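Got the viewer open? Set it to cartoon, keep the selection box handy, and let's walk through the model stop by stop.

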Amino acid sequence: MQTPDYQRLDRAHHLHPFTDFKALGEEGSRIIERGEGVYIIDSEGNRILDGMAGLWCVNLGYGREELVEAATAQMRELPYYNNFFKTTHPPAVRLAETLCRLAPPHINRVFFTGSGSEANDTVLRMVRRYWALKGQNDKQWVIGRENAYHGSTVAGVSLGGMAPMHQQGGPLVPKIAHVRQPYWFQEGRPAGHDPDAFGRECAAALEAKIQELGEDRVAAFIAEPVQGAGGAIIPPASYWPAVKAVLAKYDILLVVDEVICGFGRLGEWFGSVHYGLAPDLMPIAKGLSSGYLPIGGVLVGDRVADTLIEEGGEFFHGFTYSGHPTCAAVAQRNLELMEAEGVVARVRDDLGPYLARRWQALESHPLVGEARCLGLIGALELIDPATGERFDESLAVGNLCRDLCFASGLVMRSVGDTMIISPPLVITHAEIDELVDKARRALDATLERLAAITSDTHEESLT
Ligand SMILES: *Cc1c(COP(=O)(O)O)cnc(C)c1O
């Protein structure tokens with residue numbers, strides 16, 4: 001089959017995630033056929049640097065034979081068995097032990113799921129169950145953040161704070177509230193104000209929400225260390241210490257969603273370690289298996305685990321694929337390789353600082369209002385050079401830049417007018433140079449394209 005054949009069949013039968021079905025049908029999909037290291041290769045033979053590691057997950061890069069072998073060997077031995085009804089299998093046991101060894105010392109248990117969304121569904125049921133077992137039946141509210149992404153199941157959407165998602169397919173799960181995100185560029189940045197004061201204001205907003213709901217009615221607060229899908233939002237240094245103090249004051253559980261930040265993205269095994277958070281629960285997925293097979297889970301701290309174990313009786317919860325042996329074997333091998341190759345320390349000590357130097361230089365580009373990064377996650381905030389402010393949303397400048405990136409051989413994602421990257425953790429210095437050079441060229445091309453468009457043809461040319 002050739003590209004047009006795939007596109008025709010795709011249009012006829014395939015409903016894509018997070019996609020305007022009709023618009024995609026008219027345009028035709030890009031068909032990705034192969035992957036090698038940090039590159040993907042499409043059906044036209046274009047070699048594209050994958051600046052997003054798939055969807056924030058292919059941390060060891062494409063084509064890792066060791067992971068293929070781990071899957072093959074496990075499928076020969078035992079392709080599937082469940083962990084229900086007092087049974088388990090070696091891959092699930094081994095992976096549980098490995099994860100708890102890598103996690104902070106107060107975390108010694110894991111509940112496996114098939115994805116990050118299922119992990120967050122598990123979190124919601126677990127925190128409410130925990131407080132019920134503690135005799136605090138009213139502690140049911142969970143507070144998340146505006147513009148947060150915690151998955152696409154009903155609980156994931158409800159915990160998340162993405163307005164367009166909330167508007168579809170509701171009603172949402174009751175007793176979930178959202179507070180202001182620590183997004184300095186988007187929401188703050190007023191002259192005469194500083195980021196750390198802003199970070200403390202965001203923590204104060206959390207405290208105000210707790211007081212509004214009633215402290216004996218709030219079960220947990222959920223957040224990512226660095227908000228990924230929301231736009232690679234790195235909080236001001238003051239934010240997390242202030243949030244931790246608020247949660248401790250009112251005895252509210254902390255859930256840190258590590259689906260993106262876990263497994264080396266921020267230069268530590270978990271993003272919570274970078275920020276010193278010691279969360280009660282950590283949902284995980286994505287980088288756990290470098291995306292080679294679907295697997296997720298919830299790392300459960302002793303406080304919650306001990307109560308569930310000692311006082312809980314049966315927890316009526318689980319998935320057919322909880323701890324799937326083939327997925328667990330691949331995740332295990334993935335973590336072994338990361339340890340053996342020192343991937344996490346290299347992100348912290350070498351690749352992260354190197355990317356930061358190169359990335360920061362993009363701030364001098366007229367289209368860029370802010371360039372930020374931490375570990376191997378980064379963002380560029382696009383602004384109108386004429387005004388220094390954001391472009392009119394209808395211009396969809398971020399999407400234009402993203403399409404021009406693709407055309408120049410780079411996957412960089414756009415969230416509105418924020419361009420984001422999250423490359424594989426095995427990227428080299430030369431490949432970081434290539435990434436940054438291609439990003440700069442795409443910014444130049446975006447600027448040229450914008451200049452060429454006269455105001456009355458804006459809409460047509462940009463869509
Ligand atoms: C991707 C993501 C999820 C959902 O994971 P899925 O495996 O897609 O269900 C949850 N939380 C965060 C922070 C994510 O980035």
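Here is a short tour of some rings, a helix crossing, a few backbone oddities and three single residues.

**Before you click**

What you see is a predicted model, so local features are taken from residues with pLDDT of at least 70 and side-chain atom pairs only at pLDDT 80 or more, while totals for chains, interfaces and linings use all residues. Numbering runs from 1 along each chain as its sequence is written, and side-chain values use heavy atoms, with hydrogens and water left out.

**Stop 1: aromatic pairs**

Rings of Phe, Tyr and Trp (its six-membered ring) pair up here if their centres lie within 6.5 Å; planes under 30 degrees apart are stacked, over 60 edge-to-face, and the rest tilted. That rule gives eight aromatic pairs. Select Y80 and Y321, an edge-to-face pair with 6.0 Å centre to centre and 90° between the planes. Y80 sits in the loop between α4 (65-77) and α5 (90-102), and Y321 in the loop between α13 (302-311) and α14 (325-340), so this pair ties together parts that are 241 residues apart in sequence. The labels for helices (H or I, at least four residues) and strands (E, at least two) come from DSSP runs, numbered from the N terminus.

Are these two rings buried or exposed? Buried means under 20% relative accessible area, exposed over 50%, and partly exposed in between (1.4 Å probe, protein chains only). Y80 is partly exposed at 29%, while Y321 is exposed at 52%.

Now jump to Y130 and W131, another edge-to-face pair: 4.9 Å centre to centre, with 75° between the planes. Y130 is buried at 3%, and W131 is buried at 2%.

**Stop 2: charges over rings**

Stay on W131 and add K139, which lies over the ring face at 4.6 Å from the ring centre. To count, NZ of Lys or CZ of Arg has to be within 6 Å of the ring centre and within 35 degrees of the ring normal. For another example, pick R47, which lies over the face of Y39 at 4.2 Å from the ring centre.

**Stop 3: α6 against α13**

Select α6 (residues 116-133) together with α13: the helices pack at an angle of about 60°, and their axes are 10 Å apart. The axes are lines fitted to C-alpha atoms, for helices over the stretch in contact, and angles run from 0 to 180 degrees between N-to-C directions. The crossing is left-handed, meaning that the near helix is turned anticlockwise from the far one by less than a right angle (clockwise would be right-handed).

Which residues of α6 meet α13? Show M126, R129, Y130, W131 and L133 on the α6 side, and R303, V304, T307, L308 and E311 on the α13 side. Contact means heavy atoms within 4.5 Å. These contact residues divide into six nonpolar, one polar and three charged. Ala, Val, Leu, Ile, Met, Phe, Trp, Tyr, Cys and Pro count as nonpolar, Asp, Glu, Lys and Arg as charged, and the others, Gly among them, as polar.

**Stop 4: backbone oddities**

Most residues other than glycine have a negative phi, and most peptide bonds are trans. With that in mind, zoom in on G170 and P171, joined by a cis peptide bond with omega of about 0°. P171 is in the loop between α8 (163-166) and β6 (176-179).

Next is A232, not a glycine, yet with a positive phi near 50°. A232 belongs to the loop between β7 (218-223) and α11 (239-250), and is buried at 1%. D251 also has a positive phi, about 50°; look for D251 in the loop between α11 and β8 (253-256). D251 is partly exposed at 35%.

**Stop 5: three single residues**

Select R372 in strand β11 (residues 368-374). R372 is buried at 9%. Leaving out residues up to four places away in sequence, R372 touches a set including A232 from the last stop, Y183, W359 and E381.

Move on to G409, in the loop between α16 (397-407) and β13 (410-411). G409 is buried at 7%. Beyond neighbours within four places in sequence, G409 contacts R47, the residue over Y39, along with I48, L49 and K438. Measure across to N46, too: G409 and N46 are 363 residues apart in sequence, but 7.4 Å apart C-alpha to C-alpha.

Finish at H16, in the loop between α1 (3-13) and α2 (21-27). H16 is buried at 18%, and touches D10, F21, L24 and S29, not counting residues up to four places away in sequence.
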